[in-house]
Amino acid sequence: MSPTSDLLYSDTEEALRDSVRRLFADRCPPEAITSVYDAAPQDFSGVWRTLAAELGMAGLLVPEELGGAGATAREAAVVMEEIGRAVAPVPYLSSAVVATVALLQAGDTDTVRGLAAGSLTAALAVPLSTAPGDAITGIHTDGNGLTGRITSVAGAGEADVLLVPVAGPDELELHTVDRDAAGVNVSPVLSLDMTRPLANVEFSVAASSRVGSAPADAAVAAALETGAALLASEQLGIAQWCFETTLAYTKQRKQFGRAIGSYQAIKHRLADLWVELNSAAAAARYAADTCARHDADATIAAAVAQAYCSGTAVHAAEECVQLHGGLGMTWEYPAHLYLKRAKSDQLAFGTTYRHRARLAGLVDLPAS
């Protein structure tokens with residue numbers, strides 16, 4: 001760890017957390033979020049507009065000269081933690097993190113200004129399962145427009161602008177396409193976690209504009225690595241909610257005349273989870289901090305955080321369901337929302353195995 005690292009939360013970050021948490025507590029209660037699985041789901045676009053524009057969270061990673069807050073990945077990680085705690089159905093990760101980083105790296109200042117202001121929402125058109133370091137083949141173009149299909153894109157349904165990696169004649173290019181443009185078809189996908197909706201995107205001679213003149217490989221790689229690093233903070237938020245809620249429940253739920261939390265078997269499970277949770281907090285926070293400082297350890301820290309935090313979130317959600325007994329199995333209780341988000345996050349930006357394999361390569365460990 002760099003001697004300049006300070007993983008404690010600043011007063012500014014805690015104030016930011018308080019604002020976001022109050023918004024989600026008021027506008028995203030569990031009973032409302034469960035409606036995303038209904039035939040007529042509740043519309044959360046107003047929550048996203050409030051978060052993005054009124055609270056200014058969409059511009060955290062955008063420099064002040066482009067209309068943003070000029071903050072860093074540390075502040076964005078705090079927002080991601082609160083999104084995890086509430087399983088909030090907002091496209092913050094896909095738009096304010098991944099798409100914004102890609103556009104900043106590629107040099108599209110006009111679209112970035114719209115994203116920072118909250119007047120535009122964007123999505124990078126790659127499958128959500130794409131891991132940092134994966135080869136991006138890109139959509140094809142014949143000179144008249146883009147043609148091809150991309151599956152399981154996060155945030156495509158809510159996006160105004162799609163950022164599309166395109167296979168140019170000599171190099172990978174990054175193009176912007178209006179979601180409602182002719183030749184663009186965005187079809188929702190029925191997925192495990194409907195709080196982060198996925199969609200298939202199909203292009204049929206769709207008009208586009210190239211972003212910048214440099215190859216897009218670096219921009220896409222930076223966006224995916226930042227997304228993976230900050231996803232760990234969302235996974236931490238999921239695990240924290242599950243642990244705190246389960247701990248409170250075991251203290252008040254009685255069986256045979258005593259609280260179930262007094263039984264040693266339950267104590268052991270919660271103690272093990274607490275240790276795991278604190279380790280995940282350190283990994284997620286370090287990934288956000290190194291990303292914010294553009295530290296040389298940022299790539300390794302992101303791989304470590306994803307390799308560890310994704311499993312912690314799933315374990316915490318599973319314990320939440322199991323230790324709540326029959327209540328945890330019901331549709332009305334929100335535990336299933338956290339388990340679904342945790343399982344979905346476990347596959348986002350690459351599986352745990354992929355991150356461990358990548359980490360082994362980064363630190364020159366021999367393959368087993």
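Modeller: Two strands count as paired if DSSP finds at least two bridges between them. This model is predicted. Take strand 3 and strand 7: Ile150 has Val201 in strand 7 as its bridge partner.

Biologist: What makes strand 3 and strand 7 a pair?

Modeller: The pair needs at least two bridges. Strand 3 and strand 7 are joined by 7 bridges and run antiparallel. The pairing therefore holds.

Biologist: How do you know that strand 2 and strand 3 pair?

Modeller: The count of bridges between strand 2 and strand 3 (residues 146-154) is 2, and the two run antiparallel. At least two are required, so this qualifies. His140 stands opposite Thr147 in strand 3. The hairpin of strand 2 and strand 3 has 4 residues between the strands, and there Gly143 takes a positive phi near 95°.

Biologist: What is the strand order in the open sheet?

Modeller: Its 4 strands follow the order 2-3-7-6, with antiparallel pairing. 

Biologist: What makes strand 2 and strand 6 the edge strands?

Modeller: Strand 2 (140-141) and strand 6 (184-189) each pair on one side only.

Biologist: Now the rings. How many aromatic pairs are there?

Modeller: The rule gives 2 aromatic pairs. One of them is Tyr37 with Trp331.

Biologist: Why is the pair of Tyr37 and Trp331 called edge-to-face?

Modeller: The centres are 5.5 Å apart and the planes stand at 80°. Pairing asks for centres within 6.5 Å, and edge-to-face asks for planes over 60 degrees apart. Both tests are met, so the Tyr37 and Trp331 pair is edge-to-face.

Biologist: What does the pair of Tyr37 and Trp331 tie together?

Modeller: Two loops. Tyr37 lies between helix 2 (30-33) and helix 3 (45-54), and Trp331 between helix 9 (298-323) and helix 10 (335-347), so the pair ties together parts 294 residues apart in sequence.

Biologist: Are Tyr37 and Trp331 buried, exposed or in between, and what makes them so?

Modeller: Tyr37 has 22% relative accessibility, and Trp331 has 42%. Buried means under 20% and exposed means over 50%. Tyr37 is therefore partly exposed. Trp331 is therefore partly exposed.

Biologist: Why is the pair of Trp241 and Tyr338 called stacked?

Modeller: Trp241 and Tyr338 have 3.8 Å centre to centre and 0° between the planes. Stacked needs planes under 30 degrees apart, with centres within 6.5 Å. The pair is therefore stacked. Trp241 sits in helix 7 (residues 217-252) and Tyr338 in helix 10, 97 residues apart, and the pair links these distant parts of the chain.

Biologist: How do you know that Trp241 and Tyr338 are buried?

Modeller: The limit is under 20%. Trp241 has a relative accessible area of 15%, so Trp241 is buried. Tyr338 stands at 3%, so Tyr338 is buried too.

Biologist: What makes Lys340 a charge over the ring of Tyr37?

Modeller: The charged end of Lys340 is 4.1 Å from the centre of the Tyr37 ring. The distance cut-off is within 6 Å, alongside a limit on angle. The distance test is met, and Lys340 is placed over the ring. Arg17 also lies over a ring face, that of Tyr9, at 4.7 Å from the ring centre.

Biologist: Why is Asp110 called exposed?

Modeller: Asp110 has 62% relative accessibility. Exposed means over 50%, so Asp110 passes. Asp110 belongs to helix 6 (residues 109-117). The C-alpha atoms of Asp110 and Leu66 are separated by 8.4 Å, with their positions 44 residues apart along the chain.

Biologist: What lines the largest pocket?

Modeller: The largest pocket holds about 630 Å³ of space. It has 28 lining residues, and closest to its centre are Asp43, Pro89, Gly157, Glu158 and Pro197. Helix 3, strand 6 and strand 7 (198-206) each give two or more residues. Strand 6 gives the most, with 4. By class there are 16 nonpolar, 8 polar and 4 charged residues.

Biologist: Which residues lie nearest the centre of the second largest pocket?

Modeller: The second largest pocket has a volume of about 430 Å³. Of its 18 lining residues, Val101, Gln105, Thr226, Cys291 and His294 lie nearest the centre. Helix 5 (92-106), helix 7, helix 8 (264-292) and helix 9 each supply two or more. Helix 7 gives the most, with 4 residues. The lining divides into 11 nonpolar, 5 polar and 2 charged residues.

Technical notes
Residues are numbered from 1 along each chain as its sequence is written. This is a predicted model: local features need pLDDT of at least 70, side-chain atom pairs count only at pLDDT 80 or more; totals for chains, interfaces and linings use all residues. Side-chain values use heavy atoms; hydrogens and water are left out. Rings of Phe, Tyr and Trp (its six-membered ring) pair if their centres lie within 6.5 Å; planes under 30 degrees apart count as stacked, over 60 as edge-to-face and the rest as tilted. Buried means under 20% relative accessible area, exposed over 50%, partly exposed in between (1.4 Å probe, protein chains only). A charge sits over a ring if NZ of Lys or CZ of Arg is within 6 Å of the ring centre and within 35 degrees of the ring normal. On a 1 Å grid over the protein atoms alone, a cavity is a set of points where a 1.4 Å probe fits but cannot get out, and a pocket is an open set with protein on both sides within 12 Å along at least five of seven lines; lining residues have an atom within 4 Å of a point. Grid points are joined across faces, edges and corners, and a volume is the space filled by probe spheres set on the points. Ala, Val, Leu, Ile, Met, Phe, Trp, Tyr, Cys and Pro count as nonpolar, Asp, Glu, Lys and Arg as charged, and the others, Gly among them, as polar.
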